[in-house]
Amino acid sequence: MAENKKYKSDIEIAREAKLRNILEIAEKKLNIEEKFLEPYGHYKAKLSFDYINSLDKNKNGKLILVTAITPTPAGEGKTTTTLGLGDALQKIGKNSSVCIREPSLGPCFGMKGGAAGGGKAQAVPMEDLNLHFTGDFHAISTAHNLLSAAIDNHINWRKEPLIDARRVNWKRTMDMNDRALRQIVCSLGGPGNGFPREDG
């Protein structure tokens with residue numbers, strides 16, 4: 001009887017990967033100069049719009065969009081498919097690159113394990129990608145909550161136009177799948193802390 005072969009988990013595969021500096025990959029694989037990159041550590045970077053605009057005169061490449069409409073607790077496999085496809089195209093000599101969005105923290109800590117792909121078709125460093133990546137989601141939620149504070153301040157000082165606090169639908173936000181925060185009461189503690197209302 002054949003022995004059961006132990007397969008490595010996604011995290012084991014990710015941690016064994018030999019990471020290369022993002023500047024080296026950009027220059028040698030994609031012909032992108034360092035001046036067009038905004039590095040976030042050694043292994044990830046944002047691409048500037050100046051670089052994208054510099055490609056206006058180039059012949060258009062081909063775009064493949066990977067999407068899904070049937071969610072499952074484990075995810076649909078969009079990232080795994082996208083990364084595997086990018087690797088396969090490189091393997092047959094095509095100049096390919098992959099663009100994936102920053103994953104939401106909610107699903108990572110809710111039911112599914114992460115959003116970095118799986119097996120040997122995953123983005124690394126996996127922990128960075130799943131937990132904070134380049135910090136964009138944090139920046140968006142902070143800006144959103146700043147607007148929430150501005151609305152509360154407007155109501156507190158009774159500025160024109162007067163806003164009925166009972167009709168404010170603009171809720172605070174946090175990128176976290178925490179059921180306890182879905183429906184909360186905020187602004188408790190007296191008049192100095194605003195008007196108590198449901199939020200979440």
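The exercises below work through domains, surface, aromatic pairing, salt bridges and contacts in a predicted model.

Residues are numbered from 1 along each chain as its sequence is written. Local features need pLDDT of at least 70, side-chain atom pairs count only at pLDDT 80 or more, totals for chains, interfaces and linings use all residues, and side-chain values use heavy atoms, with hydrogens and water left out.

**Exercise 1. Domains**

Task: State the bounds of domain 1 and domain 2 and the separation of their centres.

Solution.
- Step 1. Take the bounds from the domain assignment, which is automatic or from a database. Domain 1 covers 10-130 and domain 2 covers 136-199.
- Step 2. Take each centre over C-alpha atoms. The two centres lie 35 Å apart.

**Exercise 2. A nonpolar patch**

Task: Find which residues make the nonpolar surface patch, then place L47 and classify its exposure.

Solution.
- Step 1. Apply the patch rule: residues need over 30% relative accessible area and no salt bridge; like charges are joined within 9 Å, and nonpolar side chains (Val, Leu, Ile, Met, Phe, Trp, Tyr) within 5 Å. Areas come from the Shrake-Rupley method with a 1.4 Å probe, and for residues only the protein chains shown count as cover.
- Step 2. Read off the members. L47, F49 and I52 make a patch of about 310 Å².
- Step 3. Place L47. It sits in strand β2, residues 45-47. Strands (E, at least two residues) and helices (H or I, at least four) are DSSP runs, numbered from the N terminus.
- Step 4. Classify L47. Buried means under 20% relative accessible area, exposed over 50%, and partly exposed in between (1.4 Å probe, protein chains only). L47 has 39%, so it is partly exposed.

**Exercise 3. The aromatic pair**

Task: Search the whole structure for aromatic pairs and describe what turns up.

Solution.
- Step 1. Set the rule. Rings of Phe, Tyr and Trp (its six-membered ring) pair if their centres lie within 6.5 Å; planes under 30 degrees apart are stacked, over 60 edge-to-face, and the rest tilted.
- Step 2. Run the search. It returns 1 aromatic pair.
- Step 3. Give the geometry. F36 and Y51 are 5.3 Å apart, centre to centre, with 55 degrees between the planes, and the pair is tilted.
- Step 4. Locate the partners. F36 is in the loop between α2 (22-30) and β1 (37-39), while Y51 is in helix α3 (residues 49-54). They are 15 residues apart, and the pair links distant parts of the chain.
- Step 5. Check burial. F36 is buried because its relative accessibility is 14%. Y51 is buried because its value is 13%.

**Exercise 4. Salt bridges**

Task: Count the salt bridges, then examine those of E12 and D164 and the network that includes D152.

Solution.
- Step 1. Count. A salt bridge is a side-chain nitrogen of Lys or Arg within 4 Å of a carboxyl oxygen of Asp or Glu. The count is 10.
- Step 2. Take E12. Its bridge to K6 has closest N and O atoms 3.9 Å apart. E12 is at 33% relative accessibility, so it counts as partly exposed. K6 is at 67%, so it counts as exposed.
- Step 3. Take D164. It bridges R166 at 2.8 Å, N to O, and R167 at 3.7 Å, N to O.
- Step 4. Compare exposure with the cut-offs. D164 is partly exposed because it has 28% relative accessible area. R166 is exposed at 74%, and R167 is exposed at 67%.
- Step 5. Trace the network. Salt bridges link D152, R172 and D199.

**Exercise 5. Contacts**

Task: List the contacts of D152, S187, Y43 and I13, leaving out residues up to four places away in sequence.

Solution.
- Step 1. Use heavy atoms within 4.5 Å as the contact rule.
- Step 2. D152 lies in helix α7, residues 136-156. It is buried because its relative accessible area is 16%. It touches R172, S187 and R197.
- Step 3. S187 lies in the loop between β5 (184-186) and β6 (197-199). It is buried at 14%. Its contacts are D152, N193, G194, F195, P196 and R197.
- Step 4. Y43 lies in the loop between β1 and β2. It is at 38% relative accessibility and so counts as partly exposed. It touches L19, R20, N21, I22 and P125.
- Step 5. I13 lies in helix α1, residues 10-16. It touches K8, G119, K120 and Q122. The C-alpha atoms of I13 and Q122 are 9.0 Å apart, with their places 109 residues apart along the chain.
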